[in-house]
Amino acid sequence: MTTNQFDCIVIGAGVQGSFTAYQLAKRNKKTLLLEQFILPHTRGSSHGQTRIIRKAYDQNFYIHMMEECYKLWAQLESETGVTLFRQTGLLVMGPENNQSYQMYKSTLQKNKVPMVFLNQNNFSQHIQQVQLDEGNEAVVDVTAGVLYADRALKTAQGQFQKLGGVIKDKEEVTNIKPGPVVTVSTSAGEYRAKTVVITAGPWTNKLLAHTGLELPLEVVKINVCYWKEKVPGTHGVKQRFPCFLSISAKDADDHVYGLPSNEYPGLVKICYHMGSETDPDARDHQKDRTDIDILQRFVARCLPGLVPEPAVVESCLYTLTPDRNFVLDCHPSYRNIVIGAGFSGHGFKFGPIVGKILCELSLGEVPSYDLSPFRIRRFEGKTKSAL
């Protein structure tokens, strides 16, 4: 067994962990980034080629964070010369009288985000590929677009290594021993650091058990569905097909979202923003297709240019908190253990800003943002001692 000393150890090399490690290395901290699987992998929540980036939210604090986040993504692009973002706009559709849809609309207006209003009369002039449900209207978040996810992850990890950061993959953490210096044991060695950041996605509670804490996190498996164009080349960025978010769609309890054709030529990614509970180590045992049934009806009704049967189905894991807001906080018993978790299926685009915040917390600095929506104490009565 080798013993190595670091300023900080980050556990979990998904988007949040990779950006946290990158921020720490930028601050000249000797940092180790640990990953249980061989990189790159498709077992967690950060894989795949695309994610939506948007300011469209129903809460002000997310829009404020995204203001800086766009700048940080652009900064990474200019530092590396790698294209990570493509502006497409985000079409947000919802029933005119729906409270959730109206919140999105008013929050965008309040924050002066560039937007275009569409209704039943002018919708088809702007977006030919989508049929707007009866009684629905829409707004376009002009600033939104597509993030090239796997490229972004690789770029953040590459920048971290250029700054002297160490990545060790295929090393599963077997124990975390808290103290003024934290000892982290893995399948291959033992490491010590003044601070540890846990960004382990679906495996967060498994690691926190070593520290006597259990958070109210639910892991669900999402079916990532790709739908075939009836006429090839009609739903791409060049055809001005935007990303979209359908709020309170007919027969759906959760949102439906989609992105222009990219990963597979002639296929469009459209998903339901919820899945069924699963064990992250046995995700393939979970075969629920309720979400696919909802999507088939949605595609048949709203996207007549697509075949309403998924051509490809992949999977992704979401780690949900009860309120769907993130956990960005120090461990309640050990201030030198920092937790980034519960990104609830909408965290990827926040990677650069989450990395900055978790870095600040691990260095004992005042965070750049008010973290009250993300603190562990909001779960009073829902956290458990795992000791």
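This report walks through a predicted model of one protein chain, from its overall build to single residues.

## Overall build

The protein chain holds eight helices and 20 strands. Its radius of gyration is 21 Å, close to the 21 Å that the globule rule gives for 387 residues, so the chain is as compact as a globular protein of that length. Along the principal axes, the C-alpha trace spans about 65 × 45 × 40 Å.

Buried residues make up 58% of the 387 residues. The protein chain exposes about 16300 Å². Carbon and sulfur atoms supply 49% of that area.

Contacts reach far along the sequence. Among contacts with a separation of 6 or more, 73% join residues 24 or more positions apart.

## Charges and salt bridges

The chain carries 43 positive and 39 negative side chains. The centres of the two sets lie 5 Å apart. Side chains of opposite charge can pair when their charged atoms come close. Here the count comes to eleven salt bridges. The table lists three of them, including the pair of Lys-194 and Asp-7.

| Salt bridge | Closest N to O | Separation along the chain |
|---|---|---|
| Lys-194 and Asp-7 | 3.1 Å | 187 residues |
| Lys-105 and Glu-137 | 2.6 Å | 32 residues |
| Asp-251 and Arg-297 | 3.7 Å | 46 residues |

Take Lys-194 and Asp-7, whose side chains meet in a salt bridge. This pair links distant parts of the chain: Lys-194 sits in strand β12 (residues 190–198) and Asp-7 in strand β1 (residues 3–11). Asp-7 has a relative accessibility of 22%, so it counts as partly exposed.

Next come Lys-105 and Glu-137, with their closest N and O atoms 2.6 Å apart. Their bridge also links distant parts of the chain, running from helix α3 (residues 99–110) to strand β7 (residues 136–141). Are these two partners buried or exposed? Lys-105 is buried, with a relative accessible area of 15%. Glu-137 is buried as well, at 14%.

The third pair is Asp-251 and Arg-297, at 3.7 Å between the closest N and O atoms. Asp-251 lies in the loop between β14 (243–246) and β15, while Arg-297 belongs to helix α7. Asp-251 counts as partly exposed, at 49% relative accessibility. Arg-297 is partly exposed too, with a relative accessible area of 41%.

## A buried charge without a partner

Helix α7 (residues 290–302) also contains Asp-291. Asp-291 is buried yet has no salt bridge. Which side chain of opposite charge is nearest to Asp-291? That is Arg-289, 7.1 Å away. A salt bridge needs a side-chain nitrogen of Lys or Arg within 4 Å of a carboxyl oxygen of Asp or Glu. Beyond its neighbours within four places in sequence, Asp-291 is in contact with Asn-223, Tyr-272 and Met-274.

## Two loop residues and their contacts

Gly-165 lies in the loop between α5 (149–162) and β9 (166–168). Its relative accessible area is 11%, so Gly-165 is buried. Gly-165 and Ala-21 are 144 residues apart along the chain, yet their C-alpha atoms are separated by 7.5 Å. Setting aside neighbours within four places in sequence, Gly-165 is in contact with Thr-31 and Phe-160.

Tyr-264 sits in the loop between β15 (256–259) and β16 (267–272). Tyr-264 is partly exposed, with a relative accessible area of 29%. The C-alpha atoms of Tyr-264 and Lys-228 are separated by 9.4 Å, with their places 36 residues apart along the chain. Outside its neighbours within four places in sequence, Tyr-264 is in contact with Tyr-226, Val-312 and Glu-314.

## Two residues with positive phi

Arg-240 is not a glycine, although it has a positive phi of about 60°. Arg-240 is found in the loop between β13 (218–229) and β14. At 70% relative accessibility, this arginine counts as exposed.

Ser-344 is not a glycine either, and its phi is positive at about 55°. Ser-344 has its place in the loop between β20 (337–341) and α8 (351–362). Where Arg-240 is exposed, Ser-344 counts as buried, at 3% relative accessibility.

Notes: Residues numbered from 1 in each chain as written. Predicted model: local features only at pLDDT ≥ 70, side-chain atom pairs only at ≥ 80, totals over all residues. Heavy atoms only, no water. Helix = DSSP H or I, 4+ residues; strand = E, 2+ residues; numbered from the N terminus. Rg over C-alpha atoms; globule rule 2.2 N^0.38 Å. Buried < 20%, exposed > 50% of the residue type's maximum accessible area, 1.4 Å probe, protein only. Contact = heavy atoms within 4.5 Å. Areas by Shrake-Rupley, 256 points an atom, 1.4 Å probe, with all protein chains shown as cover. Lys, Arg positive; Asp, Glu negative; His and termini not counted. Charge placed at Lys NZ, Arg CZ, Asp CG, Glu CD.
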